[in-house]
Each structure stands twice: as C-alpha cells, then as structure tokens.
Amino acid sequence: MSGAALGLEIVFVFFLALFILHRYGDFKKQHRLVIIATLLAWYLCFLIVFILPLDVSTTIYNRCKLAVNSSPAESNGSYVTPAPSKQKCFKPWSYIPDGIMPIFWRVVYWTSQFLTWILLPFMQSYARSGGFSITGKIKTALIENAIYYGTYLLIFGAFLIYVAVNPNFNLQWNQLQTIGIAAANTWGLFLLVLLLGYGLVEIPRSYWNGAKRGYLLMKTYFKAAKLMTEKADAEENLEDIMEEVRKVSESIKYNHPLRKCVDTILKKCPTEYQERMGRNMDDYEDFDERQNSYPSEKSLAKLHKQVIYSVQRHHRTQVQWQILLEQAFYLEDVAKNESSATRQFVHTFHSQEPENKIIQYFYTPTVEWYWECLLRPWFYRVLAVVLATFSVIVVWSECTFFSTKPVLSLFAVFIQLAEKTYNYIYIEMACFLTIFFLSICVYSTVFRIRVFNYYYLASHHQTDAYSLLFSGMLFCRLTPPLCLNFLGLTHMDATISHKNTQPTAYTSIMGSMRVLSFIADGFYIYYPMLVVILCIATYFSLGTRCLNLLGFQQFMGDSEMTSDLIDEGKELIRREKRKRQRQEEGENRRREWKERYGNRDDSTRSRAVHTDQKESSFSETNANRPLSKYARSNGRTERDRIELLQDAEPLDFNADSVNDDPLESDSGR
C-alpha cells in the first residue's frame, strides 16, 4: 500500500477541483489558458489540504522508528522522549516512502507560488485587456503589471543592499529563501485570520437560520429586489455601450484600416444588437482623416474591454434572475406544503429541466414532503450545533496553541493521545477533519465575498475570467499559512512545540523560522488570537451594519430598508409568478386544442387525399360515359355540403370529367 493512498488522493482531488471549476467557470466560452491556470491553482491548494494528514502520520511513524533505534530514554533539550515498544511501532497503511514527500511538497509549493505571484496576475491583465491581437494584450498586461512587479523588486533589492552593507548579517541562500517564504506566509496569515473569523461564525449561523421557517424565503425576496436593481443597471449599461458601438460602426466604414477592430467588437455584441446595427457594408464612402475625426486604436481597445465586461455582466444577471425565481417559487411551495394534510409535496410549476428517472423513482412527492417540511429543519439545526462546536474548539485552540506545558490546544491533545497508541487511522481522520473544517471556513468566505463587480464568483458558469484567476491567487496565498497554522494547532511544528524532533516534510521545505525571530515568536503566535475579536464582530454583524450605513444594502432583520426591499422583492416574485402561470395556461390550452382537434385534422387530410385519388381514377376510366349518370343527388343535406367545402382539399379534374350540374359546380367552388 506504499504510495497508493497518495496516488488515490491525487486523482480524487483533481476531479474534485475540476467539478467545482465546472460549476463556476464556462469551459466552452472562456479561454483554455484561463481554465488551465485556474484549475492548476485550485488543484494544488486542495491537494495540500488532502495530503497533509498523510504527511503527519508518516512523520509520527518516522519518529517512532528513530525512538526505537535510539536509547530507551533520550534527552532532547528540555524534555525526555520515551522509547516505545517495537510492537507498537508498526507501519501505517498510508505510509509514504522516504524522499517522496519532500520532493512532492517542494514541487507543489513553488509551483503555487509561481502561479500566485507571477503568472496569474499577468493572466488577469491579459484576460481583461481589450487588445485586438496577442501582442497587444501582452503589451497591455506588462504595462499594467509594471508597478506590481516593480514594487516587489524594489523592496527585495533594498533588502539585499541592506544585507550586503551591514556586516552583522551573513545570510546564505537558504536563509534568503526562508525570509521570502516567511514574508509570503505573513501576508497570507494576515488575510487568513480575517476570513477565518468570518467563516467560523457565519457558516454555523447560516445553517441555523436556514432551519427557521420563512427565513430563507424572506432573504430570497431581499435578494430579488437587489438583483432586479443590478439587472436593470446592467441592461442600461449595455444599452449605453451598444450605442457607442453603433456610432463607431457608422463612422468607420468598411474600407477604413480600423474596420477589422470594429468587426471584432461587433462579434462580441449580442445577436440582436448585431442585427440592429448591421455592418455598414452597403454604403461606400472613402474616409478622409483631414475632414473626419475617427477614434484611435487605443480608444477602440477601451471600448472592446467595456463591451466584453457589459455583455458578460448582462448575461450573468439574466441567468441569476431565472435561478432566483426558481428558488423563490420552490421556497413558496415549501411554505404552502407545510400545512398539507395529504403529506404530498405539490409543485406550483413543473421543472423546466428533465428529471433523472432514478431520482424521481426514489424521491417521491411523499419523501420530498417529509424531507423539506419535517426532516431538513432538524437536520440543519443538528449540523449547526456540530459546526458551532468545531468553531468553539478552533477559537480556543487558536488562543492557546502556544502553550506547551500544559498543552491547552484541544487539537494537539487529540493528536498526542492518538500518537501514544499509534492509531494512525484516528490520527489521519482527526487531522483531516481539522484542516478540512479550517479550509471550508476560509474557502467558503472566498466564494462568498464580492468586491463590487470586479471580483465575484457566481455559480452556474457565470464567473468571468478575471474573478477565476483572482480566486486562484487567493487560494495559493492562503493555503500555505493555513497549513502552517494547522501544524501549530496540533503541535506538529517544532517552532511552536519547541521540541527537537523530526519535523514534517511540509515544515522542512519552509525552513527554520528562527531566522526571523520577531515573526516566529511574535506575529505567528499572537496574531491568530485576533480571531476572537473577529468572531465577536461577525456574531453581532458589525461589518454588515457598517456596510448598511455606507449605503450598501445588507439583509438585516431589524432594518426598515430591509423590510422595504423584502416587500419589493415579494411583489416582483408575485408578478413573475403570474406571468409564468399565464404562460403555462396558454401552453395547456394549445395542448388541449391539439389533442382534441389534431386527430380530426389528420383524418380529414387523409380523407381528402383518398377522395382526390378516387375521383382522378374515376374520371380517367369513365371519360366516355354520359355525364348525367354521375350527377350528384339533390337530396344531399346542407351539412354534408358544408363539410365537403371545409374539409376536402381541391380536386384536380380532367377536362373530360367536367359537368354542368350547378350543385356540382358549387361544390367544386
């Protein structure tokens, strides 16, 4: 089994990252390089989280081997490590051979750092550029990142000059590398604690509030009112941009050198606007730069950038509005079915997407009623209590993990108890649950935050390339300090535990933080305590209240503006519901009309064709017979004549079969 667990997790994490990226990105429309770079960044970060528990269990086994091979009691500084018996020191099922983990961590870590500090910022500017060629986009990206890269080079150069001039410093390459890693981890830890303090409170509270009756529906009404405002703003912005495109398209004719740039812009416009504006290819007009003022290529690149952004934003708001409508209709159905006596879940509207037959077979209306109206609220409450317990343990451990005698961090206590019995399964499960909960609190906050319209991760394939790349940057910067914080909570980091034991392979590539003692003994120890203040601020919604005071509408139950937006959203949902009902009623009437009269139309059409064939053959075979013999009887009823006139198709008669009977001629007409 050596290395098998590592291989399985590598494959599993890849498909997990691919699945999540498919939910947020659009593989068909977005550039392949954007998808590959974002997938690689997410994959490496998720991989670190999943592989680190294996590193911990392997390190504990290696410590056991060193203790067995050494003296029965070996003094290591201020403590004594007892040598365990050989029967207890057995190889874990997920053991990774020596030499693999250091190489693995080195490749993963430095690849993620290259992505987050060099490649992804460059690709962000490239994806957001409005250039019309690859060279133009690269040039724009380099110019935009010149200040970004120049700032880091200036700081690093000043530091090197200071070290070279000062005789007290004798830094080697390994120490410079450690300083660079410490600087990156310090920046990441600063942001990590902010996101962690929000997620530790908001995640349990969201599930607890989700169990309340009517809470999700009221919040959906609130979202509907805000989204309608954003949707109207996006439509207005798109109209303004399309008006500018129309003016540019009319001024630059097809024989102008910049017409190719205009055609590129028109291709990015929606189809209805393209048909409305046209290509202006019919009017031939020679351009004269001395008489007419034409836009420059730089202004066209700016317009191209605005078109891409406005079209993507307009499409995103349209899709989100439809999704929010479906969610609101479903929540209203849940509220309506809670008082149902039949205990059968009844939907107001049928699902527009085809349902899976297997799910439809097991998830019957009765099962759906019991889950939605009875079981799910209690499940959410239990889950909220479990998550809140984990949050309390994390907050306590963040404030006490620096204490080694006695050990106050609960995560360190759990790992040390399992280490005494060498229960590797328990060690790996405890480590995985701990780091998984920490990563969920941090990563979920990254998915929730929104920086105006510049950074926003929208599901259902509505996230733009800039936001995807920015999320990859955040993940790569947050994951290394997150893992170091986890190792500190479990006392697997020698910098925290102050034990001279074999470090984990992940800690070994970070180098000794003793080079910067004020960071190792100061910032890394005391800054995580700030999570207590952030959790208290999140619990009392101080950030939400501040944003609400600044004019950014937030969902607050005791706010008058929130109540007004809920009423507005409720009216919008009611209006859309009536519109949907009228559409379904019209479709039902057309379906019933087709079912009622469709068979008659088919039989009438076949009867007319049969009559046509019969009359044609009849006229050909009996052309020489007396015409009066085939005259129609005057006793035919008026209803038969009307039916013949309405249903029968015109018949082609030969000249020999025409008669002079008035009734027959009327019937023919």
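These are my notebook entries on a predicted model of a protein chain.

**Overall look**

I started with the whole chain. I counted 22 helices and four strands in the secondary structure. The chain has 669 residues, and 40% of them count as buried. Next I pulled the exposed surface, which comes to about 38,500 Å², with 60% of that supplied by carbon and sulfur atoms. I also checked how far contacts reach along the sequence. Taking contacts between residues at least 6 apart, 78% join residues at least 24 apart.

**Salt bridges**

How many salt bridges are there? My count came to 13. I went through a few of them one by one.

I took R205 and E202 to begin with. Their closest N and O atoms sit 2.8 Å apart, and the pair forms a salt bridge. Both residues are in helix α5 (residues 173–210), and because they are three residues apart there, about one helical turn separates them. I then looked up the cover on each partner. R205 is partly exposed at 22% relative accessible area, whereas E202 has 14% and counts as buried. The cut-off for buried is under 20%, so E202 falls below it.

Then I moved to R246 and E243. This salt bridge has its closest N and O atoms 2.4 Å apart. The two residues are in helix α6 (residues 215–251), again three residues apart, or about one turn of the helix. R246 is partly exposed with a relative accessible area of 27%, and E243 is partly exposed too, at 34%.

My next pair was R574 and E571, whose side chains meet in a salt bridge at 2.7 Å, N to O. They sit three residues apart in helix α20, so about one helical turn lies between them. R574 comes out partly exposed at 38% relative accessibility, and E571 is partly exposed at 32%.

I also noted a network of salt bridges that links E230, R316 and R450.

**Surface patches**

Which residues form the positive surface patch? I listed R575, R578, K579 and R582. I picked R578 to look at further and found it in helix α20, which spans residues 560–621. R578 has a relative accessible area of 37%, so I logged it as partly exposed. Patch members need over 30% relative accessible area, so R578 at 37% clears that bar.

There is a nonpolar patch on the surface as well. V451, F452, Y454, L547, L550 and F552 make it, and its area is about 620 Å². From that set I followed L550. Is L550 buried or exposed? It counts as exposed, at 65% relative accessibility. L550 is in the loop between α19 (542–549) and α20.

**Backbone oddities**

I went looking for unusual backbone geometry. A cis peptide bond turned up between K405 and P406, with omega about 0 degrees. P406 is in the loop that runs between α11 (365–400) and α12 (410–421).

Two histidines got a note for phi. H461 has phi near 65 degrees, a positive value in a residue other than glycine. I placed H461 in the loop between β4 (455–456) and α14 (465–489). H461 is partly exposed, with 32% relative accessibility.

H491 also has a positive phi, near 60 degrees, and H491 is not a glycine either. I found H491 in the loop between α14 and α15 (494–497). At a relative accessible area of 8%, H491 is buried.

**Two buried residues in helices**

What does S439 touch, leaving aside its neighbours within four places in sequence? I got contacts with V49, S444 and L482. S439 belongs to helix α13 (residues 424–448), and at 3% relative accessibility S439 counts as buried.

Last entry: R259. I located R259 in helix α7 (residues 259–268). R259 is buried, its relative accessible area being 3%. I also checked R259 against V248: the two are 11 residues apart in sequence, and their C-alpha atoms are 9.7 Å apart in space.

Definitions and conventions: Residues numbered from 1 in each chain as written. Predicted model: local features only at pLDDT ≥ 70, side-chain atom pairs only at ≥ 80, totals over all residues. Heavy atoms only, no water. Patch = residues over 30% accessible without salt bridge, like charges linked within 9 Å, V, L, I, M, F, W, Y side chains within 5 Å. Areas by Shrake-Rupley, 256 points an atom, 1.4 Å probe, with all protein chains shown as cover. Salt bridge = Lys/Arg side-chain N within 4 Å of Asp/Glu carboxyl O. Lys, Arg positive; Asp, Glu negative; His and termini not counted. Charge placed at Lys NZ, Arg CZ, Asp CG, Glu CD. Buried < 20%, exposed > 50% of the residue type's maximum accessible area, 1.4 Å probe, protein only. Contact = heavy atoms within 4.5 Å.
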